[in-house]
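Student: I would like to go through this model term by term and check each label against its cut-off. Where should we begin?

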Amino acid sequence: SVEKENDMVPAQFYLDQNFPNPFNPTTNIKFSIPASGFVTLKVYNTLGQEVAALINEFKSAGTYQVDFNASNLTSGMYIYTLTSGNYKVSKKMILMK
C-alpha cells in the first residue's frame with residue numbers, strides 16, 4: 001500500500017532507511033519528492049535482479065510511505081531504488097527470517 005503522508009511539498013528528494021531493518025517479513029519505506037513526475041520504487045536482490053516493483057506510476061509532489069511484504073523472498077540483503085526524473089538513490093535492507 002502507498003500512502004501520502006501530508007500535503008506539504010518537500011524541498012528536496014529524500015529516501016529514508018526502511019524501518020524496521022532487519023525485518024521479517026514486512027517493512028516500511030518512506031520517501032519525498034519535491035516535484036510531480038513519474039516515480040519508480042523497486043527492490044533488487046544482490047545479483048541485480050528486480051524482485052519487486054512497489055511504485056511505477058505518476059506521483060504528485062509530497063511525502064509517501066510504502067509497506068513492503070517480503071514473505072515470498074528468502075533471507076538476505078536487498079537493495080531498494082527510488083527513481084524520479086534525473087534523481088536516483090538506493091539503500092540496503094536486510095530480510096531475516
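Student: Why is Lys-59 called buried?
Tutor: The relative accessible area of Lys-59 is 11%. Buried means under 20%, exposed over 50%, and partly exposed in between (1.4 Å probe, protein chains only), so Lys-59 falls in the buried class. The model is predicted, so local features need pLDDT of at least 70 and side-chain atom pairs pLDDT 80 or more, while totals for chains, interfaces and linings use all residues. Residues are numbered from 1 along each chain as its sequence is written, and side-chain values use heavy atoms, with hydrogens and water left out.

Student: What makes Lys-59 and Glu-57 a salt bridge?
Tutor: Their closest N and O atoms are 2.9 Å apart. The rule asks for a side-chain nitrogen of Lys or Arg within 4 Å of a carboxyl oxygen of Asp or Glu, so the contact qualifies. Glu-57 is partly exposed, at 39%.

Student: How many salt bridges does this rule give?
Tutor: The count is 2. Glu-50 and Lys-42 also meet in a salt bridge, at 3.5 Å from N to O. Here Lys-42 is buried at 19%, a value under the 20% limit. Glu-50, at 43%, is partly exposed.

Student: What makes E4 and E5 paired strands?
Tutor: 8 bridges join E4 to E5, and the two run antiparallel. Strands are DSSP runs of at least two residues (E), and helices are runs of at least four (H or I), numbered from the N terminus. Pairing requires that DSSP finds at least two bridges, so E4 and E5 pair. Within E5, Glu-57 is the bridge partner of Val-39. The two strands form a hairpin with 5 residues between them, and Gly-48 in the turn has a positive phi of about 85°.

Student: How do you know that E4 pairs with E7?
Tutor: Strand E4 (residues 37–44) and strand E7 (residues 76–84) share 6 bridges in the antiparallel sense. The requirement of at least two is met, so they count as paired. Lys-42 has Thr-81 as its bridge partner in E7. As for cover, 6 of the 8 residues of E4 are buried.

Student: Which strands make up the open sheet, and in what order?
Tutor: The sheet has 4 strands in the order E5-E4-E7-E8, with antiparallel pairing. E5 (50–59) and E8 stand at the edges with a single partner strand each, so one side of each has no neighbour in the sheet. The twist averages 15° from one strand to the next, where axes are lines fitted to C-alpha atoms (for helices over the stretch in contact) and angles run from 0 to 180 degrees between N-to-C directions.

Student: Why is the pair of Phe-13 and Tyr-87 called stacked?
Tutor: The structure holds 3 aromatic pairs. In the pair of Phe-13 and Tyr-87, the centres are 4.2 Å apart and the planes differ by 10°. Rings of Phe, Tyr and Trp (its six-membered ring) pair if their centres lie within 6.5 Å; planes under 30 degrees apart are stacked, over 60 edge-to-face, and the rest tilted. Both values pass, so the pair is stacked. Phe-13 sits in the loop between strand E1 (2–6) and strand E2 (14–15), and Tyr-87 in strand E8, 74 residues away. Phe-13 is partly exposed at 24%, and Tyr-87 is partly exposed at 23%.

Student: What makes the pair of Phe-23 and Phe-68 tilted?
Tutor: The centres are 6.3 Å apart and the planes 55°. That angle is neither under 30 nor over 60, so the pair is tilted. Phe-23 lies in the loop between E2 and strand E3 (26–33) and Phe-68 in strand E6 (residues 62–69), so the pair ties together parts 45 residues apart in sequence. Both Phe-23 and Phe-68 are buried.

Student: Why can Ile-94 belong to a surface patch?
Tutor: Ile-94 has 36% relative accessibility. Patches take residues with over 30% relative accessible area and no salt bridge, joining like charges within 9 Å and nonpolar side chains (Val, Leu, Ile, Met, Phe, Trp, Tyr) within 5 Å, so Ile-94 passes the area cut-off. With Met-77 and Met-96, Ile-94 forms a nonpolar patch of about 260 Å² of accessible area, computed by the Shrake-Rupley method with a 1.4 Å probe and only the protein chains shown as cover. Ile-94 lies in strand E8 (residues 87–95).
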